[in-house]
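This report introduces one protein structure to a reader who has not met it before. Please look over the sequence and the fold before reading on.

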Amino acid sequence: MSAFSEVEMLSDNAPLEGEESLYDDIRNTAEVMSGGHPVGELLEAALYGTNTFDEMMDQWNEKWTSAQESFGVEVNE
């Protein structure tokens with residue numbers, strides 16, 4: 001636990017005004033984190049060897065980034 005001594009936990013922060021549904025909007029547009037879809041897609045790839053894990057993550061990241069861009073989200077690194 002000492003590794004977390006400088007960490008400040010923030011929880012249940014209210015979204016900024018006008019961004020109340022932004023996460024859900026992005027998630028629904030990207031179609032990568034809804035229902036059992038991600039688990040099913042991972043299992044299918046593992047069973048049939050259709051994609052590697054890295055390929056799937058690349059595809060999901062592309063979809064997520066595209067959805068963010070469609071809502072005007074700028075990511076600050």
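Leaving aside its neighbours within four places in sequence, which residues is Ala45 in contact with? The contacts of Ala45 beyond that range are with Thr50, Asn51 and Met56. The model discussed here is a predicted one.

## The nonpolar core

Ala45 and Met56 also belong to the largest nonpolar core, which has eight residues in all. The other members are Ile26, Ala30, Val32, Trp60, Trp64 and Ala67. Two elements, α1 (22–30) and α3 (53–70), give two or more residues each to this core. With four residues, α3 gives the most. In soluble globular proteins, nonpolar side chains tend to be buried together.

Gln68 is a further residue of helix α3. Gln68 counts as buried because its relative accessibility is 15%, and buried residues are those under 20%. Apart from neighbours within four places in sequence, Gln68 is in contact with Ile26, Val73 and Val75. Of these partners, Ile26 is one of the core residues.

## Helix α1 and its salt bridge

The structure holds one salt bridge. It joins the side chains of Arg27 and Asp24, with a distance of 2.9 Å from N to O. Arg27 and Asp24 lie three residues apart in helix α1, so about one helical turn separates them. An α-helix has 3.6 residues a turn, and therefore residues three or four places apart point the same way. Asp24 is partly exposed, at 35% relative accessibility.

## Helix α2 and the backbone on either side

The loop between α1 and α2 (37–48) contains Glu31. Glu31 is not a glycine, yet its phi is positive, at about 55°. Is this residue buried or exposed? Glu31 is exposed, having a relative accessible area of 53%.

Helix α2 itself consists of twelve residues. From its first C-alpha to its last it reaches 16 Å, which is close to the 16 Å expected at 1.5 Å a residue. Gly49 follows α2 and has a positive phi, near 65°.

## A nonpolar patch on the surface

Nonpolar residues also occur on the surface, where Met1, Phe4 and Val7 form a patch. Together these three have about 420 Å² of accessible area. Met1 lies in the segment before α1. With a relative accessible area of 85%, Met1 is exposed.

Technical notes:
Residues numbered from 1 in each chain as written. Predicted model: local features only at pLDDT ≥ 70, side-chain atom pairs only at ≥ 80, totals over all residues. Heavy atoms only, no water. Core = buried A, V, L, I, M, F, W, Y, C linked by side-chain atoms within 4.5 Å. Buried < 20%, exposed > 50% of the residue type's maximum accessible area, 1.4 Å probe, protein only. Contact = heavy atoms within 4.5 Å. Patch = residues over 30% accessible without salt bridge, like charges linked within 9 Å, V, L, I, M, F, W, Y side chains within 5 Å. Areas by Shrake-Rupley, 256 points an atom, 1.4 Å probe, with all protein chains shown as cover. Salt bridge = Lys/Arg side-chain N within 4 Å of Asp/Glu carboxyl O. Expected span 1.5 Å × (residues − 1).
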